[in-house]
Amino acid sequence: MKRNIVIATIAAAALIGGGTATAIAVSGDEEAPAKKSNVQVSNDDTGRDDDANVNDTDDTDDNDADDKAEDKADAAEDNAAKDTGEDAEDKAENAADAKVAQVDAADAIKAALKNTTGTAVSADLDDEGTKHVWDVDILTNGGAWHSVQVDPATGKVVGSHVDRDDDGDDAAETAQIRAALKGSSVTAAEAAEAGAAKGTVTSVDLDEESTDKAWEVDTTAANGTGSDWRVNPDSGKITADRSND
């Protein structure tokens with residue numbers, strides 16, 4: 001009986017180890033002929049792991065290819081948005097203007113709206129004499145146009161006035177802008193935030209005359225290179241402005 005237990009133990013060990021064991025079966029009768037038993041255990045996990053590794057490699061290659069294609073498309077979009085007509089003097093001036101804008105366009109718009117309730121239609125970083133200001137145009141619910149000036153260094157409102165209709169065409173322009181804004185879910189501040197991913201925003205303006213009624217956004221890179229963008233008024237997607245191509 002003890003010998004049978006030993007043989008069973010050896011066979012179990014072979015099964016756990018995944019190898020081959022040759023055991024001698026011995027019965028209670030010591031004179032009984034010896035019998036050999038071969039136990040074969042295969043390792044199926046090895047095959048599955050190999051397949052998994054192959055699939056993982058394929059997935060990695062696909063992801064790398066997708067990333068490279070996306071980077072290439074982004075680079076092409078950035079190049080298409082650049083203003084190629086700028087010279088060294090223009091770039092130097094652009095870079096200096098961008099450094100002044102410690103308060104970005106989106107925050108300037110928000111500060112202006114706290115001062116005057118309505119809808120922001122444009123924001124421009126203007127050079128007024130010896131200092132820069134954010135000039136934000138706001139259309140009030142009553143139809144009046146307000147120009148609000150925001151300090152780009154502090155974000156404080158430093159001036160505000162009602163724009164006069166000197167040429168008599170404000171009513172028609174206002175109606176056109178209201179129609180464009182009615183179908184837009186993206187605000188001027190949100191358009192500015194989208195443009196900030198491309199550089200320092202220096203201007204945001206609603207193109208109410210275009211078929212897509214997009215937001216036009218101008219940005220400046222650290223080296224002074226200017227770029228022109230369009231922000232979709234529904235999705236907020238930013239693309240190069242190719243209107244001058």
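The exercises below deal with charged residues in a predicted model. Residues are numbered from 1 along each chain as its sequence is written, and side-chain values use heavy atoms, without hydrogens and water. In this predicted model, local features need pLDDT of at least 70 and side-chain atom pairs count only at pLDDT 80 or more, while totals for chains, interfaces and linings use all residues.

**Exercise 1.** Find which salt bridges Arg230 forms with Asp212 and Glu216, and state where the partners lie.

Solution.
1. Take the rule: a salt bridge is a side-chain nitrogen of Lys or Arg within 4 Å of a carboxyl oxygen of Asp or Glu. The count by this rule is four salt bridges.
2. Arg230 and Asp212 meet in a salt bridge at 2.8 Å, N to O. Arg230 is in strand E9 and Asp212 in the loop between E7 and E8, so the bridge ties together parts that are 18 residues apart in sequence. Helices (H or I, at least four residues) and strands (E, at least two) are DSSP runs, numbered from the N terminus.
3. Arg230 and Glu216 form a salt bridge of 3.5 Å, N to O. This pair links strand E9 with strand E8, 14 residues apart.
4. Through shared partners, salt bridges join Asp207, Asp212, Glu216 and Arg230 into one network.

**Exercise 2.** Is Arg230 buried or exposed?

Solution.
1. Buried means under 20% relative accessible area, exposed over 50%, and partly exposed in between (1.4 Å probe, protein chains only).
2. Arg230 has 12% relative accessibility and therefore counts as buried.
3. Compare the partners: Asp212, at 38%, counts as partly exposed, and Glu216, at 27%, is partly exposed too.

**Exercise 3.** Locate the salt bridge between Lys110 and Glu193.

Solution.
1. The closest N and O atoms of the two residues are 3.2 Å apart.
2. Lys110 belongs to helix H4 (residues 105–115) and Glu193 to helix H6 (residues 188–195); the pair links distant parts of the chain, 83 residues apart.
3. Lys110 is partly exposed at 38% relative accessibility, as is Glu193 at 43%.

**Exercise 4.** Which element gives the most to the negative patch?

Solution.
1. Patches use residues with over 30% relative accessible area and no salt bridge, with like charges joined within 9 Å and nonpolar side chains (Val, Leu, Ile, Met, Phe, Trp, Tyr) within 5 Å.
2. The members are Asp83, Asp87, Glu89, Asp90, Glu93, Asp127 and Glu128.
3. Helix H3 (88–100) and strand E3 (119–128) each give two or more residues.
4. H3 gives the most, three residues.

Methods. Areas by Shrake-Rupley, 256 points an atom, 1.4 Å probe, with all protein chains shown as cover. Lys, Arg positive; Asp, Glu negative; His and termini not counted. Charge placed at Lys NZ, Arg CZ, Asp CG, Glu CD.
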